[in-house]
Amino acid sequence: MNTNRPKILGSRVLVTGGAGFIGSHLVDQLLARGASEVVVIDNLFTGDEANLADAMKTGLVSLYKDDAELATSLEYIFTKHKIDIVFNCATKALNYSFLNPANAFSTNVNVVLNLLEFQRRGLFKALCHFSTSEVYGSAVYEPMDEAHPKNPTTTYAAGKASADFAVESYVKMFDLDAFIVRPFNNYGPRQNYKGYLAGIIPITAWRILNGISPELHGDGMQSRDFIYVHDTVDAVIKLYDVMLKGESVNISTDNQISIRDLLQQVCAEMGYRGEIMNKPERKSDVLCHNASNEKIRKMIDYSLTPFDIGLRETLTWYQQHIKEVA
Ligand SMILES: NC(=O)c1ccc[n+]([C@@H]2O[C@H](COP(=O)([O-])OP(=O)(O)OC[C@H]3O[C@@H](n4cnc5c(N)ncnc54)[C@H](O)[C@@H]3O)[C@@H](O)[C@H]2O)c1
């Protein structure tokens, strides 16, 4: 237990990227756990104001449609809202790094450097930084634990790995109260389903609902460890009380599923019996993400939603949501 860290209950919290997928669920949970105010900064690159609709109704949330790479925008927020805790979720989707590699890298680095500098100046007390399993690259041993070498294969992951090193070095140099949570692949309601930047489950659901055949890249044998977003957010909130400065922890399940099996499960769940289009393998696609969750299981009371239940809830949300916005 880190006794000097402010409790979430009664604190003023900033969530960067809080109109996005994981960030917006985190905002809901922070409110449920009694945060006195939640401020979101999101440039709506992939984020959506609608993700915060329920949260905004509490009257405790302020949304700044602004860029966390701009130090002046952050400084305004820290000064005006007297923030205690920051959760850093802002990022540009992995796929974007294939379109604009340098920008995907620099967003991941610039936002965290801004935050670390403000923390060093004493403008807030605790930082929870979101890393990603992508920093590990393809497994050199399995399951991948927190000591697995960082071997990024995209500029997105390289930016995220650099951000992790920045957090770790600022903690060592300036004794900041900052730590790293490292989710594996998340799925669930509100994940962006639009266009090239969408993840595999949402884009497949969107294609099926729009009468377009789903796509499979490569042979589909690449595997991922999928975790339900509610489980991730629940874990982050519990970890907040126990993580040591500079520590990092995987947030993952024990299971991994091949992309081929995943597609088949989504199709079956949605009653789709049409063809699946085969596309060439994506360059730099990580082959295998088999995570170790041994550490997190020792740290918190860790509960995981069975994949078929989470997937059903997710697809139901897409069915309702995509129909509503059509
Ligand atoms: N979704 C996953 O499977 C997954 C897995 C591992 C780690 N993560 C990490 O979790 C965090 C949240 O990811 P997510 O899946 O919710 O992604 P997301 O794309 O849904 O959310 C990121 C948010 O950041 C916003 N954003 C982008 N650039 C910004 C900027 N310069 N200033 C302000 N806002 C900006 C986007 O508009 C978006 O709302 C990220 O750090 C990501 O690396 C996600």
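**Note on the sheet, helix 6 and the nonpolar core**

1. Strand 1 and strand 4 pair in the parallel sense over four bridges, where strands are DSSP E runs of at least two residues and helices are H or I runs of at least four, numbered from the N terminus, and where pairing requires that DSSP find at least two bridges between two strands. Within this pair, Val-15 has Phe-87 in strand 4 as its bridge partner. This is a predicted model, in which local features need pLDDT of at least 70 and side-chain atom pairs count only at pLDDT 80 or more, while totals for chains, interfaces and linings use all residues. Residues are numbered from 1 along each chain as its sequence is written.

2. Strand 4 (residues 85-88) is covered on both faces, with Ile-85 and Phe-87 buried on one side and Val-86 and Asn-88 buried on the other; buried means that 20 or more other C-beta atoms, placed from the backbone, lie within 10 Å of the residue's own. Four bridges also join strand 4 to strand 5 in a parallel arrangement, and Val-86 stands opposite Leu-127 there.

3. These strands belong to an open, parallel-paired sheet of seven strands with the order 3-2-1-4-5-6-11. Strand 3 (61-64) and strand 11 stand at the edges with a single partner strand each, so one side of each lacks a neighbour in the sheet.

4. Strand 1 (residues 12-16) pairs with strand 2 (residues 37-41) in the parallel sense over five bridges, and Leu-14 stands opposite Val-39 in strand 2. Helix 3 (residues 71-81) packs on the sheet by touching strand 1, strand 2 and strand 3, and its direction makes about 170° with that of strand 2; contact means C-beta atoms, placed from the backbone, within 7 Å, and axes are lines fitted to C-alpha atoms, for helices over the stretch in contact, with angles from 0 to 180 degrees between N-to-C directions.

5. The largest nonpolar core (buried Ala, Val, Leu, Ile, Met, Phe, Trp, Tyr and Cys residues joined through C-beta atoms within 7 Å) has 87 residues, and those touching the most other members are Val-13, Val-15, Leu-26, Val-27, Val-38, Val-40 and Ile-83. Helix 6 (residues 155-174) gives the largest share, eight residues.

6. For helix 6, the 20 residues should span 28 Å at 1.5 Å a residue, which agrees with end C-alpha atoms 28 Å apart, the expected span being 1.5 Å times one less than the number of residues. Just after helix 6, Asp-175 takes a positive phi of about 55°.

Notes
Buried ≥ 20, exposed ≤ 12 C-beta atoms within 10 Å, placed from the backbone. Contact = placed C-beta atoms within 7 Å.
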